[in-house]
Amino acid sequence: EKWEEDDEVLLSSDEKEREIFFSSQKKHRDEEDLDEIIALLGSPRWTPLPGVKLSSRQDTVAHMDGSERALAMARTACGGRLEQVLAEAQLAFIIFLALGSLEALKQWQRLLSLLCSCDTLLNSGQFTDQLSNSLRSQLELAPSDFFHDPLLSAEDTIRPALGCFFESVPINNNSAQMLFAFVQAKFGLFES
């Protein structure tokens with residue numbers, strides 16, 4: 001039986017018990033689903049950046065040019081696609097920004113340090129454009145005091161990575177020029 005009172009539907013005691021039972025069952029299922037999701041996903045596991053075995057002469061070049069390390073990472077962990085390495089950097093940045101994950105920040109810093117040091121790859125217009133556009137999109141989301149935040153400035157690897165990037169790209173690359181103008185205007189970086 002149902003009785004109406006002040007626009008509320010009052011339920012009989014049998015209906016109330018049934019509703020309580022089903023709502024507790026639903027809550028229990030939701031908690032189980034959440035536990036399952038956490039068990040499946042766990043904490044984020046970032047792709048490790050590989051070391052590349054080279055001769056001593058090649059080793060010196062590899063420390064200056066990260067192209068071989070980036071390509072090795074793409075081959076071993078990203079199906080041979082350098083775009084996937086860039087996508088992981090984007091994901092790490094978004095997770096850092098949205099969740100404040102320190103591990104995501106560290107992975108973003110590591111990947112940008114690597115990608116911005118790829119002299120050989122940065123002489124390819126397509127890779128330079130992809131990296132420039134990705135960096136700009138990410139940094140547009142960052143607060144204007146991003147490079148002045150005391151928590152981030154102690155381990156500021158992004159500023160040197162950007163400096164390396166701007167030194168490596170061809171001077172006539174439009175996307176890199178637009179990124180340079182953007183970081184100057186928003187963050188006051190690299191001003192003369």
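I started at Leu141 and found it in helix α7, which covers residues 125-141. I note that the model is predicted.

Next I looked at the surface. Leu141 joins Ile94 and Leu97 in a nonpolar patch of about 250 Å².

Then I turned to the packing of α7. I kept the general scheme in mind: two packed helices are described by the angle between their axes and the distance between the axes. Which angle do α7 and α10 make where they cross? I read roughly 20 degrees, with the axes coming within 9 Å. Helix α10 spans residues 174-187. Angles under 35 degrees count as roughly parallel, and α7 and α10 are therefore roughly parallel to each other. I logged their crossing as left-handed.

I listed the contacts of this pair. From α7, the residues include Thr128, Ser132, Leu135, Arg136 and Leu139. Leu141, the patch residue, is also one of the α7 residues that meet α10. On the α10 side I noted, among them, Ser175, Met178, Phe182, Lys186 and Phe187.

Last, I checked helix α9, residues 158-168. It packs with α10 at an angle of about 145 degrees, and the axes are 11 Å apart. The crossing of α9 and α10 is left-handed. Leu162, Phe165 and Phe166 in α9 meet Ala176, Leu179, Phe180 and Val183 in α10. I cross-checked Ala176, Leu179 and Val183: these α10 residues are also listed in the contacts with α7.

Note on methods: Residues numbered from 1 in each chain as written. Predicted model: local features only at pLDDT ≥ 70, side-chain atom pairs only at ≥ 80, totals over all residues. Heavy atoms only, no water. Patch = residues over 30% accessible without salt bridge, like charges linked within 9 Å, V, L, I, M, F, W, Y side chains within 5 Å. Areas by Shrake-Rupley, 256 points an atom, 1.4 Å probe, with all protein chains shown as cover. Salt bridge = Lys/Arg side-chain N within 4 Å of Asp/Glu carboxyl O. Helix = DSSP H or I, 4+ residues; strand = E, 2+ residues; numbered from the N terminus. Axes fitted to C-alpha atoms, helices over the stretch in contact; angles between N-to-C directions. Parallel < 35°, antiparallel > 145°, perpendicular 65-115°, else oblique. Left-handed = near helix turned anticlockwise from the far one by under 90°. Contact = heavy atoms within 4.5 Å.
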